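Visitor: I would like a close look at one part of this model, its nonpolar interior, and then at whatever surrounds it. Please take me through it in one connected account.

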Amino acid sequence: MSRKPLYLILATCLFNSAAVAATPGNQPAALNQIREAALKSDWAYERLADLTDLVGPRLSGSAGEAAAVQQVAAAMRKLGATVTLQPVKVPHWVRGAESAELVEYSGRPAGLSQKVVLTALGGSGATPAAGLTAQVMVVRDFDDLKARAAEVKGRIVLFDVRFDQDMANHGLAGQAYGQVTRYRGGGTRMAAEMGAAAVLVSSAGGANYRLPHTGASGLQDGLRIPAAAVAVEDSLLMARLAARGPLSMKLTLTPQILPDVDSFNVIADLPGTDKAGEIVIVSGHLDSWDLGTGANDDGTGVVSSMAVIDTLKKLNFQPRRTIRMIAWANEENGSRGAQAYLEANKAGVEKHFAAVETDEGSGRPFGMRTSAPQSAGAFAAPLQAALLPVGAAAMQRLDSAAGADVRGLEQLGVPSFSPLIDDSDYFSYHHTAADTLDKVDPQNLKRHVALVSLWTWYLANMEQPLGRANGAARQ
Ligand SMILES: [Zn+2]
């Protein structure tokens with residue numbers, strides 16, 4: 001060991017103290033600095049362009065998913081975060097050929113057929129390679145299907161249940177989506193159980209540019225009939241033709257289920273100081289459907305979460321609690337990433353102070369929804385003041401505020417947080433080939449980064465306890 005002159009030791013100390021991260025806590029000045037840093041940064045948009053333009057679609061088990069894991073991990077390592085790849089076995093469903101035409105209907109001019117625009121649902125079974133031809137049975141809802149149970153065997157069942165854009169325009173987009181996806185999930189399963197040859201649903205979306213919207217079906221091994229979403233226009237056409245008389249379709253869908261694949265949750269920690277053992281999660285899901293490039297679903301959530309660490313690193317701010325960015329694996333067709341995390345962290349779940357998840361697109365954010373208990377109601381006043389200039393100061397308390405990836409944590413008592421977003425347009429391109437980078441407004445993305453950076457930082461530095469979510473509310 002060499003002995004250094006005193007002036008060198010002093011110089012080294014001064015240099016180090018300048019480099020040591022600051023812990024300014026939840027002072028208004030610090031909160032304002034975070035907001036301004038987020039609003040002027042293009043970092044998140046650049047990462048979103050990398051993810052969507054360089055990698056593209058990222059369905060579980062695909063090469064795109066694997067490349068995305070490496071890309072996000074590399075970006076987080078570059079920021080100096082502590083990166084862990086948590087192994088997750090993910091399903092590997094691969095889309096094949098998909099085509100359909102109406103080959104028989106009352107009033108059909110000789111020799112004509114009508115093309116139907118559709119796309120296979122995740123987990124769909126396959127038709128023979130040459131297709132199958134069967135009569136189409138159009139039903140309005142579950143009761144209609146049950147009432148006509150005797151007709152189902154050997155038919156192609158179409159649930160002509162349409163997305164209610166008017167509800168979406170009035171702040172109820174999630175509910176409008178749920179009304180339709182009940183058929184994509186439970187309806188496909190029911191039709192399979194009743195002996196249908198195939199099952200179709202009207203697309204769960206509102207733009208109606210003759211786009212089919214994919215999504216997970218409710219089909220499982222042993223009950224895997226061909227299943228597809230048809231463009232809303234084609235669902236309407238089939239309902240009209242069926243009203244004229246018998247209607248037959250030739251349907252070809254050749255998806256495959258391959259063996260499960262090794263994938264990962266990308267976990268990147270920004271270690272805390274005096275409360276480093278407590279964790280605040282900020283997250284989005286890295287997988288996407290295969291048709292588009294998943295810019296809104298959920299590239300926005302992933303890069304906003306990544307940008308929390310970028311923003312704090314730029315300011316050299318160090319949180320008291322550990323901030324954990326998670327890019328979840330396999331949200332779209334299995335939630336295996338969330339399950340793996342829950343399994344590994346069940347025992348120490350109480351060290352999770354809060355969990356933020358963004359998965360509703362890049363519409364303008366207005367604030368935050370949370371399942372933190374009511375008693376903690378006023379805890380965010382300084383934070384809300386800092387968010388006023390972004391127009392994102394609202395806070396809504398719900399029994400459950402969690403999306404699919406943090407729902408399990410919430411059920412175990414971890415308060416969840418998810419941005420309150422204008423999602424009236426979200427389902428226009430959701431799960432379609434048109435979910436691409438150009439649909440994301442760069443200014444809104446900056447507002448998202450400001451919102452999640454401020455909330456995550458604030459939660460990571462709170463003095464008072466937040467309490468536990470009422471997990472029973474969701475069970
Ligand atoms: Zn999503």
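**The core and its surroundings**

Guide: In the largest nonpolar core, which has 69 residues, the members that touch the most other members are Val72, Met76, Phe379, Phe417, Trp455, Leu459 and Leu466. Everything described here belongs to a predicted model. Among the elements that supply this core, helix α14, residues 442-461, gives the most, with 11 residues. Leu459 is a useful place to stand: leaving aside residues up to four places away in sequence, Leu459 touches Val280, Arg321, Phe353, Ala354, Val356, Phe379, Phe417 and Leu466. A second core, separate from this one, has 26 residues and includes Leu102, Ala198, Ala228 and Leu253.

Two of the contacts of Leu459, Val356 and Phe417, lead directly into the sheet, since Phe417 in β16 is the bridge partner of Val356. The strands concerned are β13, residues 352-357, and β16, residues 416-421, which run parallel and are joined by two bridges. They belong to an open sheet of eight strands with mixed pairing, whose order is β1-β10-β12-β11-β13-β16-β14-β15. At its edges lie β1 (82-94) and β15 (394-397), each of which pairs on one side only. Between neighbouring strands of this sheet the average turn is 25°, with direction ignored. Helix α9, residues 295-315, packs on the sheet, where it touches β10 (256-270), β11 (275-285) and β12 (321-328), and the direction of the helix makes about 145° with that of β11.

Helix α9 also brings us to the metal site, because Asp297 lies in this helix while Asp359 lies in the loop between β13 and β14 (365-370), so that the pair ties together parts 62 residues apart in sequence. The zinc ion is coordinated by His285 through NE2, by Asp297 through OD, and by Asp359 through OD listed twice, at 1.9 to 2.7 Å. Along the sequence, the spacing of these donor residues is H-x11-D-x61-D. The angles subtended by the four donor atoms range from 52 to 149°, and the arrangement is therefore irregular. For comparison, the ideal angle for four tetrahedral donors at a metal is 109.5 degrees. Because the limit for a buried residue is under 20% relative accessible area, both aspartates fall on the buried side: Asp297 counts as buried at 3% relative accessibility, and Asp359 counts as buried at 18%.

Notes:
Residues are numbered from 1 along each chain as its sequence is written. This is a predicted model: local features need pLDDT of at least 70, side-chain atom pairs count only at pLDDT 80 or more; totals for chains, interfaces and linings use all residues. Side-chain values use heavy atoms; hydrogens and water are left out. Two strands pair if DSSP finds at least two bridges between them. Helices (H or I, at least four residues) and strands (E, at least two) are DSSP runs, numbered from the N terminus. Axes are lines fitted to C-alpha atoms, for helices over the stretch in contact, and angles run from 0 to 180 degrees between N-to-C directions. Contact means heavy atoms within 4.5 Å. Donors are N, O and S atoms within 2.8 Å of the metal (3.2 Å for Na, K and Ca); water is not among the atoms, so sites may look incomplete. Four donors count as tetrahedral if all angles lie between 85 and 135 degrees; four count as square planar and six as octahedral if opposite donors are over 155 degrees apart and all others between 65 and 115; anything else is irregular. Buried means under 20% relative accessible area, exposed over 50%, partly exposed in between (1.4 Å probe, protein chains only). A nonpolar core is a set of buried Ala, Val, Leu, Ile, Met, Phe, Trp, Tyr and Cys residues joined through side-chain atoms within 4.5 Å.
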